[in-house]
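Here is a protein to explore, one piece at a time. Have the model open while you read, and look up each residue as it comes along.

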Amino acid sequence: MNAMVTKFEKFEWLTHGLTVRSSGFDPYVRATGERLNYQDRLGAIAAMDTQLAKSLTALIVFENKTATDYDYVRQYLADIFIEQAVRDKKREPERIAMYHLAWLVSRMVLDFVLDPELEENYTAKGRLAYAGIHRHQINVESYRKTWKAYENLMVKALESAIEEAEIVIEQYRKNTYKNMHN
């Protein structure tokens, strides 16, 4: 099982059949004896209320291999950054366009949330370098004081979407097993 799914335990149920089966998992979820299949995975994803939760779940379940979902989540996060910065009347950074800064930070935030080990390897300076933000564009202190709060908003949005997805997955799983025994 990949590290991504280990971090997101509730998502494990949807990954069976895509990765090595863990012990204790009964792959036969239907009275017909069929294994959990793509329809089951897609049904759980479709039951989610927001596109953010759906796309984030697809990224977790399918090991970050869905480019359209990645781009959707990244743009969603960049929009959060820009909308709140505009609301706060933050002026455009001098050496990088705000939309470009938001786009770079959104990739970093998404990558770090999806890969728990990645974040451990980067200092504040390294995080900006990972994002593709150069020292001559924004220094670490300026980023921390002015823009870090918007990064935190992105993380909160992802955490909220993960929580939404976990609740739906758990409910969908219970309903699947309940239907199997009726």
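## Starting from one buried residue

Let's begin with Val105, which is buried because its relative accessible area is 0%. Keep in mind that this is a predicted model. Val105 sits in helix α6. Leaving out residues up to four places away in sequence, Val105 touches Phe81, Ile133, Tyr143, Glu151 and Met154.

Which residue, 45 residues along the chain from Val105, has its C-alpha atom 9.1 Å away? That's Tyr150.

## The whole chain

Now zoom out. The protein chain contains 9 helices and 0 strands, so if you follow the sequence, you read the pattern α-α-α-α-α-α-α-α-α. The chain has 182 residues, and 45% of them count as buried.

How much of the contact is long-range? Take the contacts between residues at least 6 apart in sequence: 63% of these join residues at least 24 apart.

## The nonpolar core

In soluble globular proteins, nonpolar side chains tend to be buried together. Here, the largest nonpolar core has 50 residues. Which of its residues touch the most other members? They are Leu56, Leu77, Phe81, Val105, Leu110, Trp147 and Leu158, so our starting residue, Val105, is on that list. Several helices chip in: α3 (38–46), α4 (51–61), α5 (67–87), α6, α8 and α9 (140–180) each supply at least two residues of this core.

Trp147 is another residue on that list. Not counting residues up to four places away in sequence, Trp147 touches Phe81, Ala85, Lys90, Arg91, Pro93, Met98, Leu101, Ile138 and Ser142. Phe81 is also touched by Val105.

## α5 against α6

Two packed helices are described by the angle between their axes and the distance between the axes. For α5 and α6, the angle is about 130 degrees and the axes are 8 Å apart. The two helices are therefore oblique to each other, and their crossing is right-handed.

Who makes the contact? On the α5 side you'll find Tyr70, Val73, Arg74, Gln75, Leu77, Ala78, Phe81, Ile82 and Ala85. On the α6 side there are Met98, Tyr99, Leu101, Ala102, Trp103, Leu104, Val105, Ser106, Arg107, Val109, Leu110 and Asp111. Sorted by type, the residues of this contact come out as 16 nonpolar, 2 polar and 3 charged.

## α4 against α5

Helix α5 also packs with α4: their axes come within 9 Å and cross at roughly 135 degrees. That angle makes α4 oblique to α5, and the crossing is left-handed. From α4, the contact uses Gln51, Leu52, Ser55, Leu56, Ala58 and Leu59, while α5 brings Asp69, Tyr70, Tyr72, Val73 and Tyr76. These residues divide into 8 nonpolar, 2 polar and 1 charged.

Take a look at Ser55 in helix α4. Is Ser55 buried or exposed? Ser55 counts as buried, because its relative accessibility is 0%. Setting aside residues up to four places away in sequence, Ser55 touches Asp69, Tyr72 and Val73.

## The loop between α4 and α5

Next stop: Glu63, in the loop between α4 and α5. With a relative accessible area of 29%, Glu63 is partly exposed. The C-alpha atom of Glu63 is separated by 9.0 Å from that of Leu114, which is 51 residues away along the chain.

## α6 against α8

Back to helix α6 (residues 98–114), whose axis comes within 8 Å of the axis of helix α8 (residues 124–131), with a crossing of roughly 110 degrees. That makes α6 roughly perpendicular to α8. The crossing is right-handed. Leu104, Arg107, Met108, Asp111 and Phe112 of α6 meet Arg127, Tyr130 and Ala131 of α8. This contact holds 5 nonpolar, no polar and 3 charged residues.

Which residues of α8 are buried? They are Gly126, Arg127, Leu128, Tyr130 and Ala131. After α8 comes Gly132, which has a positive phi, near 95 degrees.

Technical notes:
Residues numbered from 1 in each chain as written. Predicted model: local features only at pLDDT ≥ 70, side-chain atom pairs only at ≥ 80, totals over all residues. Heavy atoms only, no water. Axes fitted to C-alpha atoms, helices over the stretch in contact; angles between N-to-C directions. Helix = DSSP H or I, 4+ residues; strand = E, 2+ residues; numbered from the N terminus. Parallel < 35°, antiparallel > 145°, perpendicular 65-115°, else oblique. Left-handed = near helix turned anticlockwise from the far one by under 90°. Contact = heavy atoms within 4.5 Å. Nonpolar A, V, L, I, M, F, W, Y, C, P; charged D, E, K, R; others polar. Core = buried A, V, L, I, M, F, W, Y, C linked by side-chain atoms within 4.5 Å. Buried < 20%, exposed > 50% of the residue type's maximum accessible area, 1.4 Å probe, protein only.
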